[in-house]
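Visitor: I should be grateful for a close look at a single part of this model, the contact between its two chains. Please describe what each side contributes and how the surrounding elements are arranged.

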Amino acid sequence: MPETQVKPNSNNDATVHHESRRSKRSQQPARMQLNLTSMIDVIFQLLIYFVVTASFAAGEGIITAKLPQGTGGAPSKAEPPKQPLNIILSSAGTFGYNIGIQNQPAAPRDFEQLATMLEGLQFDPERGRSGAYKPDHPVIIKPAGNVRWQHVVNAFNAAITARYSNVSFAQATQASN
Amino acid sequence: MASKIFHRGPTSPEMNMTPLIDVTFQLIIFFMLVNNIIAEESVQMFVPQLANPKTREMGEMERIVVNVKPVEFTRNNRDMDEPANWDASAIGVKVGLRDFAVGDSEAITEALKQAVSESPRAEDGKSTLEVLLRADAAIRYDEIQPVMAAITAAQIGKIHLVAYMPDEGPGSK
C-alpha cells in the first residue's frame, strides 16, 4: 500500500530541478575556501610537543661487555692459562665500596685512581707503559654480591679507560659484611 | 591575454598548504609511535653514572633491552647526587616488552632465544640482535648477575651495559 503513495512524490522532479539550478548559479562565482590557519597552528603545537618529548632516553650510552664466566655457554678454546688480573670489589656501609687489585699492596681510593693504577700495570711500549700485563691480558671484575651495580660498571669503565680489551665479570662472591 | 587577467581584478596570492599538512601529519604520527615504543621499552631508573665515562652513543642497531627494574621511586624521595643510595633489590626483569620475575632465569633465556631466532640475519648467518642491559645504579650485583647468566645461556656472548654519557645523568642537572 505505501508503494503506491510514493510514486506521485517522486514525480515532483520539476521543483527539485528548479532549486538546484538556482543554487548552482549562485555558488559558482564564490569559490569554497577552508580556513586552514587554525588547524596548522594546532598541528605545529602537537609536532613540537612530540619532537621534544621523543628524546626521552637521551643521555644514556653503552659500553660493550663480555658476559660472566662459568655460567653456561661454550668455554673459550684452549687458551694458555694466564693468571688473570683480578679487581675485587666489596661493599662499605649501605652503598659505599672498597676496591682491591689482587697481588697489589696499594688499594685504589676511587675509580679514577683504579684506572691510573691499571694503566701503570699495563705493558704498552707505544704509550710508554712498562707494566707486566699486556692490553689483551684477561681482567676479571669480582664484585661481592652486595656491591651496587653503579660501582660494578664503574670498575668496568676504569678497566676500559686503561685500554684493557679483555675485561669480564665473575660470579658474585660471598659478601663479607 | 593580458586584458583578460586584468578583468578579473587583483588576485590575492595563496600558498598551497596541502603538501605541508601532509608532511606534518606524517611527522606527528611518526613521533607518536616512536614515543610509545620508547616509553614501553625503558623503565624509569637511574643507570650508573660513571667517573670519566667511556660510554658511546647507542646508534642504529637491531636491539633488545633487558631492564632490571628497581623499587619504584619519584624524583623527590631519591638522592639525586648519589643514585646508589636506594633500595638494593630488583623487583622484576623486562625483556623487550615482556615482564619476568627476577629469579625466572629460564623464561628470560627462552625469551631471548626467541628474540634472537626472530631477528634479521647478517650475511654470515649470524643474528644482528644486540642485547642492552639496563639496570639501576642501586641494585646489588647478585641480583643482576643471574640475569647476565640467563643472557649467556641464550648463547649471547656480548652485551652492552647502559650508563650515562659524560655530563649527563641526575647528578649533573
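Guide: In this predicted model, the contact draws on 46 residues of chain A and 60 residues of chain B. Together the two chains bury about 4800 Å² between them, and carbon and sulfur atoms account for 68% of that area. The rule finds zero salt bridges across the interface of chain A and chain B. It does find 21 residue pairs in polar contact across the interface, with both residues at pLDDT 80 or more.

On the side of chain A that touches chain B, the elements that give two or more residues are α3 (37-54), β1 (60-66) and α5 (149-161) of chain A. The largest share, 10 residues, comes from α5(A). Sorted by class, this side of chain A has 27 nonpolar, 15 polar and four charged residues.

Strand pairing also crosses from one chain to the other. β1(A) is joined by seven bridges to strand β5 of chain B, residues 158-164, and the two strands run antiparallel. Within this pairing, I62(A) has V162(B) as its bridge partner. The pair belongs to an open sheet of six strands, whose order is β1(A)-β5(B)-β4(B)-β1(B)-β2(B)-β3(B) and whose pairing is mixed. β1 of chain A and β3 (98-100) of chain B stand at the edges with a single partner strand each, so one side of each is left without a neighbour in the sheet. From one strand to the next, the twist averages 25°.

Further into the sheet, on the chain B side, β5(B) also pairs with strand β4 of chain B, residues 130-135: three bridges join them, and the strands run parallel. Here the bridge partner of V131(B) in β5(B) is I159(B). β5(B) is thus joined to β1(A) in an antiparallel pairing and to β4(B) in a parallel one.

Helices from both chains lie across strands of this sheet. α5(A), which gives the largest share of the chain A side, lies across β1 of chain A together with β4 and β5 of chain B, and runs at about 75° to β1(A). From chain B, helix α4 (residues 141-153) lies across β1 (63-70), β2 (90-95), β4 and β5 of that chain, running at about 170° to β4(B).

Although the interface has zero salt bridges by the rule, the count over all chains comes to six. One of them can be placed by the elements just described: R78(B) forms a salt bridge with D136(B), and their closest N and O atoms are 2.7 Å apart. R78(B) lies in the loop between β1 and β2 of chain B, and D136(B) lies in the loop between β4 and α4 of chain B, so the pair ties together parts that are 58 residues apart in sequence.

Chain A also has strand pairings of its own. Strand β2 of chain A, residues 85-92, is joined by five bridges to strand β6 of chain A, residues 139-143, and these run parallel. In this pairing I87(A) stands opposite I141(A). β2(A) is also joined by six bridges to strand β3 of chain A, residues 96-101, in an antiparallel arrangement, where I88(A) has G100(A) as its bridge partner. The hairpin of β2(A) and β3(A) has three residues between the strands, and in it G93(A) takes a positive phi near 70°.

How values were computed
Residues are numbered from 1 along each chain as its sequence is written. Chains are lettered from A and ligands numbered from 1 in the order in which they are written. This is a predicted model: local features need pLDDT of at least 70, side-chain atom pairs count only at pLDDT 80 or more; totals for chains, interfaces and linings use all residues. Side-chain values use heavy atoms; hydrogens and water are left out. Contact means heavy atoms within 4.5 Å. Buried area is the accessible area (1.4 Å probe) that two parts lose on being put together, summed over both. A salt bridge is a side-chain nitrogen of Lys or Arg within 4 Å of a carboxyl oxygen of Asp or Glu. A polar contact is a pair of N or O atoms within 3.5 Å; within protein, one must be able to donate a hydrogen and the other to accept it, and residues adjacent in sequence count only if both atoms are side-chain atoms. Helices (H or I, at least four residues) and strands (E, at least two) are DSSP runs, numbered from the N terminus. Ala, Val, Leu, Ile, Met, Phe, Trp, Tyr, Cys and Pro count as nonpolar, Asp, Glu, Lys and Arg as charged, and the others, Gly among them, as polar. Two strands pair if DSSP finds at least two bridges between them. Axes are lines fitted to C-alpha atoms, for helices over the stretch in contact, and angles run from 0 to 180 degrees between N-to-C directions.
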